[in-house]
Amino acid sequence: MTRSVASARQPISNLVKNYNFENAPPFTAAQTSGVNRWIDGSAGGLVSDTAYPYGWGTITITNGVSIKYDTSVYYSGTTSMKLSTTATNSAVAVASSKGTSVSDGVLTGIPVTPSTSYTLSFMMKTNYVSGDATSGAYVDLSERTGGYVTVLNTSSTKVKTTTDWTRYSITVTTGATTRFIMPLLRVIGNDGTATLIMDAWFDDIVLTPTTPITRTAVT
């Protein structure tokens, strides 16, 4: 028997793996300029049992940067992600992925539903050292089709000064062909005057659907 139609909101859950970085490697991995690697330092390619639990891979390393899980500065828990530009004309970015490869910059990202609203929320703390640039520290949401082609980048507030922990958010509606969203944590000092040296810590990164999803109850 079919009863009257009922609607229900899909339970909201965080889509970002290892969103608070509590699942951290037991070491700080060496990273190489121009080479995409999982955050534990293993090479690009199929996800290994040791790499996948950490959920993050490098996509940008340019001219003197530092990437580490920081157990001395964090917003909650015991760990944050710390990204630093350590020389002029440098940039660094890491991406959250549930994909199978970091080779050639084709991290697949987090599977999402087309034509649906999603909100990314995160905590960020920054430490200005010297210099200037156009961007600084921020988070991108890269929207991708099934062919891993970037079709949209939506950025949070860009910070170039010293700030305490602050919550930022981005809300986007995926396109009709969108299959993945990839959050990218960035510190960019190689644009504008290209001399910015600074640190940024990221923590409590939450990606959730914000569009109500209805279901028909049939019994």
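In which strand is Ser66 found? Ser66 is found in strand β2, and I shall use that residue as a way into the sheet around β3.

Let me first state the basis of the model. This is a predicted model, in which local features need pLDDT of at least 70 and side-chain atom pairs count only at pLDDT 80 or more, while totals for chains, interfaces and linings use all residues. Residues are numbered from 1 along each chain as its sequence is written, and side-chain values use heavy atoms, with hydrogens and water left out.

I begin with the overall composition. The protein has zero helices and 11 strands; here helices (H or I, at least four residues) and strands (E, at least two) are DSSP runs numbered from the N terminus. Of the 219 residues, 46% count as buried, where buried means under 20% relative accessible area, exposed means over 50%, and partly exposed lies in between, with a 1.4 Å probe and protein chains only. The accessible surface comes to about 9700 Å², and carbon and sulfur atoms hold 52% of that area; the areas come from the Shrake-Rupley method with a 1.4 Å probe, and for residues only the protein chains shown count as cover. Contacts, meaning heavy atoms within 4.5 Å, show the following distribution: among those with a separation of 6 or more, 76% are between residues 24 or more positions apart.

I turn now to the sheet. Five strands form an open sheet in the order β2-β3-β11-β6-β9, with antiparallel pairing; two strands pair if DSSP finds at least two bridges between them. Why do β2 and β9 each have one side without a neighbour in the sheet? Both stand at the edges, each with a single partner strand, so one side of each is left without a neighbour. Neighbouring strands of this sheet are turned by 25° against each other on average, direction ignored, with axes taken as lines fitted to C-alpha atoms, for helices over the stretch in contact, and angles running from 0 to 180 degrees between N-to-C directions.

Consider strand β3, residues 80–85. This strand is mostly covered, with six of its six residues buried. Ser80, Lys82 and Ser84 point one way from β3, Met81, Leu83 and Thr85 point the other way, and all are buried. On one pairing, β3 meets β2, residues 65–70, in the antiparallel sense over six bridges. Within that pairing, Ile67 has Leu83 as its bridge partner, and Asp70 stands opposite Ser80. The other pairing joins β3 to β11, residues 197–209, by four bridges, and these strands run antiparallel. There Ser84 stands opposite Asp199.

We can now return to Ser66. At 26% relative accessibility, Ser66 counts as partly exposed. Leaving aside neighbours within four places in sequence, Ser66 is in contact with Lys82, Leu83, Ser84 and Thr86. From Ser66 to Asp199 the C-alpha distance is 8.9 Å, although their positions lie 133 residues apart in sequence.

At the other edge of the sheet, Arg167 lies in strand β9. Is this residue buried or partly exposed? Arg167 counts as partly exposed, at 43% relative accessibility. Beyond its neighbours within four places in sequence, Arg167 is in contact with Tyr75, Ser121, Phe122, Met123 and Asp204. The C-alpha atoms of Arg167 and Phe122 are separated by 5.6 Å, and the two residues are 45 apart along the chain.

Asp204, one of those contacts, lies in strand β11. Its phi is near 50°, a positive value in a residue other than glycine. Asp204 is buried, with a relative accessible area of 11%. Phe21 also has a positive phi for a residue other than glycine, near 65°. Phe21 is placed in the segment before β1 and is buried, with a relative accessible area of 0%.

Phe21 leads to the aromatic side chains. Ring pairs link Phe21, Trp56 and Tyr69 into a cluster, and a search of the whole structure finds five aromatic pairs. Rings of Phe, Tyr and Trp (its six-membered ring) pair if their centres lie within 6.5 Å; planes under 30 degrees apart count as stacked, over 60 as edge-to-face and the rest as tilted. Lastly, Lys158 lies over the face of Tyr138, at 4.4 Å from the ring centre; a charge sits over a ring if NZ of Lys or CZ of Arg is within 6 Å of the ring centre and within 35 degrees of the ring normal.
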